Amino acid sequence: MEKVNLIVKCCLINKKYEYNIKGILKDNKLIFFLENNKMILYHNNILKRETIEEEILFDFKKEICQIKDKKTKKNIDFPIKVKKLINNNNTFEVLYQILDDKFKIEIIVR
């Protein structure tokens, strides 16, 4: 288990956020906490966000998002359109679209 410094940049529907946080690199996945959400970035271009109520899984290779309600155990799946995807040793960057809304997530390991 290796601790790493991260810069996380999010652009979500015309709002930009940037965070300097610590993460853990373990078993080919990057684990970090962002605004009370546990985030896990898997090496195969899957980003998982866990909250108290739900689990959101973005599979950028298959271009699908799955939301699981933890209380009811119901799943909702919907397509996403990936415009750009970069995943190398130190940078993960994805531009994607859900309906007409565009999003960008960039994670840089320092």
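Two strands are said to pair if DSSP finds at least two bridges between them. Keep that idea in hand as we walk through this structure, which is a predicted model.

Let us begin in the middle of one pairing. In strand β3, the bridge partner of Ile24 is Ile31. Ile24 belongs to strand β2, which covers residues 15-26, and β3 covers residues 29-34. Four bridges join these two strands, and they run antiparallel. Between them lies a hairpin with two residues linking the strands, and there Asp27 takes a positive phi near 50°.

Now step back along the chain to the other partner of β2. Strand β1, made of residues 2-12, is joined to β2 by eleven bridges, again in an antiparallel arrangement. You can find one facing pair where Leu12 stands opposite Lys15 of β2. This hairpin also has two residues between its strands, and Ile13 takes a positive phi near 45°.

What do these pairings add up to? They are part of an open sheet of eleven strands, with antiparallel pairing and the order β8-β7-β6-β5-β4-β3-β2-β1-β11-β10-β9. At the edges sit β8 (75-79) and β9 (81-87), each of which pairs on one side only. Neighbouring strands of the sheet are turned by 20° against each other on average, direction ignored. As a general rule, strands of a sheet pair through backbone hydrogen bonds, either parallel or antiparallel.

Let us look at the β9 edge. Its partner is β10, residues 91-98, and six bridges join the two antiparallel strands. Here Lys81 stands opposite Gln97 of β10.

Strand β10 also holds a residue worth a pause, Glu93. Is Glu93 buried or exposed? Its relative accessible area is 10%, and buried means under 20%, so Glu93 counts as buried. To see what surrounds Glu93, leave aside its neighbours within four places in sequence: Glu93 is then in contact with Lys84, Leu85, Ile86, Lys104, Ile105 and Glu106. With one of these, Lys84, the side chain of Glu93 makes a polar contact of 3.5 Å. Lys84 lies within the range of β9, the strand that is bridged to β10.

Finally, follow Glu93 back towards the start of the chain. Val8 and Glu93 are 85 residues apart along the chain, while their C-alpha atoms are separated by 9.9 Å. Val8 falls within the residues of β1, and in the sheet order β11 stands between β1 and β10.

How values were computed. Residues numbered from 1 in each chain as written. Predicted model: local features only at pLDDT ≥ 70, side-chain atom pairs only at ≥ 80, totals over all residues. Heavy atoms only, no water. Axes fitted to C-alpha atoms, helices over the stretch in contact; angles between N-to-C directions. Buried < 20%, exposed > 50% of the residue type's maximum accessible area, 1.4 Å probe, protein only. Contact = heavy atoms within 4.5 Å. Polar contact = N/O pair within 3.5 Å; in protein donor to acceptor, adjacent residues only side chain to side chain.
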